[in-house]
Amino acid sequence: MAKKSFKELFDPRESKWGGISLPMFLCALIVVAIVVYVPFGLDKEGNPGSFLRPNFLIMFSALAVFGLLFGEIGDRIPFWNDYIGGGTILVFFMAAVFGTYNLVPENFMKAVNVFYGKQPVNFLEMFIPALIVGSVLTVDRKTLIKSISGYIPLIIIGVIGASAGGIAVGLIFGKSPIDVMMNYVLPIMGGGTGAGAVPMSEMWASKTGRPASEWFGFAISILSIANVFAILCGALLKKLGEARPSLTGNGELIIDNSKEAIRDKEVEVKPELTDTTAAFILTGVLFMIAHILGEVWESLGLGFDLHRLVFLILLTMFLNIANIVPDKIKAGAKRMQTFFSKHTIWILMAAVGFTTDVKEIIAAAAPSNILIALAIVLGAVGLIMLVARKMKFHPVEAAITAGLCMANRGGAGDVAVLGAADRMELMSFAQISSRIGGAMMLVLGSVMFSFFAS
């Protein structure tokens with residue numbers, strides 16, 4: 001993959017700013033700055049007003065321009081892009097700086113809280129279901145069925161190892177096992193940012209009644225630290241395989257691959273716009289059913305809650321395994337997921353960042369937290385390598401896919417880890433870790449928050 005350069009970004013002839021040329025983007029940036037910062041008239045309470053109208057479209061566009069500004073720059077900072085998280089993380093941190101140090105007006109902050117907040121209608125309520133349905137529904141059906149009996153147990157073993165490692169080091173620093181599980185293991189092993197930490201933060205908020213950004217700010221910091229360790233471990237495992245050939249399948253995960261290989265087949269159908277629309281409507285209907293099931297479950301008083309997103313995951317897995325959804329709608333769901341995960345993630349990260357205290361993020365980089373994150377990554381890798389051969393997996397490849405691809409920041413993290421390990425052919429298994437493994441962690445998070453979050 002070619003490295004992104006600053007030269008092309010500031011070339012007026014290129015269209016690198018979200019498909020917009022530099023002159024057009026600068027015009028958009030000026031308009032947003034006028035709307036956000038220029039005072040105009042008085043509001044209903046007699047205070048200085050502005051041109052800002054806090055409706056969905058205006059906030060979507062304002063946050064998009066902010067996201068494009070720092071996202072495109074972040075994707076071009078060499079070390080930052082390779083190890084920390086690129087534009088996605090830079091957008092989040094810069095938004096947190098703007099919000100914490102009052103670099104944007106108060107009325108803009110209020111509008112952000114409406115766009116990304118507890119209100120019944122907000123961007124998050126579209127973003128998360130679209131990612132879940134698009135991710136789970138487009139995993140190849142045969143791969144999904146086979147992985148339940150073979151590969152998924154390996155993922156669970158990795159989570160156990162990560163939990164043991166994190167808890168052991170956490171105890172040294174006086175942290176309780178529950179604290180380590182909820183605030184370290186869940187975000188790190190949860191499938192990344194958009195499909196992991198974000199929905200977990202909503203689950204936490206629905207249980208505690210506090211802003212989701214309160215949990216998310218710390219979670220994204222820990223996840224970013226673990227992502228660096230996961231990429232570095234990928235490179236070290238590559239070297240280990242070269243030094244100890246008996247531990248690696250040189251890109252093949254399963255021992256005796258000819259008999260037991262699991263192949264991932266991407267949906268090959270090219271979707272029409274109507275297929276994407278149908279997938280979006282299907283997502284909404286499934287979300288309605290999931291909400292009904294969540295309400296019914298809560299009314300039964302069984303002792304712990306299951307968040308509606310858990311039911312959405314289970315419903316989508318059932319539809320995939322039962323092969324009920326036509327391939328064209330699956331292809332539309334993939335396109336829908338791509339739109340939200342790749343083209344609106346910076347908008348979401350900007351909204352989340354504005355509602356996050358940057359001082360808490362800085363505090364999360366304490367030596368104790370860094371060591372706990374490292375222990376979680378090494379715990380997953382170590383236990384998987386111990387049991388891999390008995391489960392008919394090559395240890396190096398098993399540790400990379402079921403371990404590191406659970407402990408990174410999702411799809412982009414998978415690419416970085418597999419690239420560092422020179423094992424890009426394992427992408428299908430990495431995707432199962434990020435999608436299905438991440439969905440499993442959402443279920444675990446829902447149960448844990450139900451019992452222990454306060």
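## Aromatic pairs

Two rings of Phe, Tyr or Trp count as a pair here if their centres lie within 6.5 Å. With that in hand, let us walk through this predicted model, in which a search of the whole structure turns up 26 aromatic pairs. One of them joins Phe280 and Phe340, whose rings are stacked, with 6.3 Å from centre to centre and 5 degrees between the planes. Phe280 belongs to helix H14 (residues 273–300) and Phe340 to helix H16, so this pair ties together parts that are 60 residues apart in sequence.

Phe340 also has a partner right beside it in the chain. The ring centres of Phe339 and Phe340 are 5.2 Å apart with the planes at 80 degrees; because planes over 60 degrees apart count as edge-to-face, that is the label for this pair. How buried or exposed are these three residues? Phe340 is buried, at 5% relative accessible area, whereas Phe280 is partly exposed at 36% and Phe339 is partly exposed at 40%. Ring pairs also draw the three into a cluster, together with Phe56, Phe60, Phe115, Phe123 and Phe127.

## A nonpolar patch on the surface

Now to the outside of the model. Ile30, Ile34, Val38, Phe40 and Phe51 make up a nonpolar surface patch, and together they offer about 450 Å² of accessible area. One of these residues, Phe51, sits in the loop that runs between strand S2 (48–50) and helix H3 (56–74). Phe51 has a relative accessible area of 40%, so it counts as partly exposed.

## Cysteines without disulfides

How many disulfides does the structure hold? The count is zero. Cys233 shows why for its own case: the closest cysteine sulfur, in Cys405, is 12 Å from the sulfur of Cys233, which is too far for a bond, since a disulfide needs the two sulfur atoms within 2.5 Å.

The surroundings of the cysteines are worth a look too. Cys233 is buried, with 10% relative accessibility, while Cys27 is partly exposed at 49%.

## Two asparagines with positive phi

Most residues other than glycine have a negative phi. Against that background, two asparagines deserve a moment of your time. Asn102 has a phi near 55 degrees, a positive value in a residue that is not glycine, and phi of Asn323 is likewise positive, near 60 degrees.

Where in the fold do they sit? Asn102 is in the loop between helix H5 (86–100) and helix H6 (106–115), and Asn323 is in the loop between helix H15 (308–322) and helix H16 (327–343). Asn102 is exposed, with 65% relative accessible area; Asn323, at 43%, is partly exposed.

## Lys16 and its contacts

Our last stop is Lys16, a residue of the loop between helix H1 (6–9) and helix H2 (22–37). Lys16 is partly exposed, at 29% relative accessible area.

Which residues does Lys16 contact, leaving aside its neighbours within four places in sequence? They are Glu8, Leu9, Glu72 and Arg76. Glu72 is 56 residues away from Lys16 along the chain, yet 7.9 Å separates their C-alpha atoms.

Terms used:
Residues numbered from 1 in each chain as written. Predicted model: local features only at pLDDT ≥ 70, side-chain atom pairs only at ≥ 80, totals over all residues. Heavy atoms only, no water. Helix = DSSP H or I, 4+ residues; strand = E, 2+ residues; numbered from the N terminus. Buried < 20%, exposed > 50% of the residue type's maximum accessible area, 1.4 Å probe, protein only. Patch = residues over 30% accessible without salt bridge, like charges linked within 9 Å, V, L, I, M, F, W, Y side chains within 5 Å. Areas by Shrake-Rupley, 256 points an atom, 1.4 Å probe, with all protein chains shown as cover. Salt bridge = Lys/Arg side-chain N within 4 Å of Asp/Glu carboxyl O. Phe/Tyr/Trp six-rings, centres within 6.5 Å; stacked < 30°, edge-to-face > 60°. Contact = heavy atoms within 4.5 Å.
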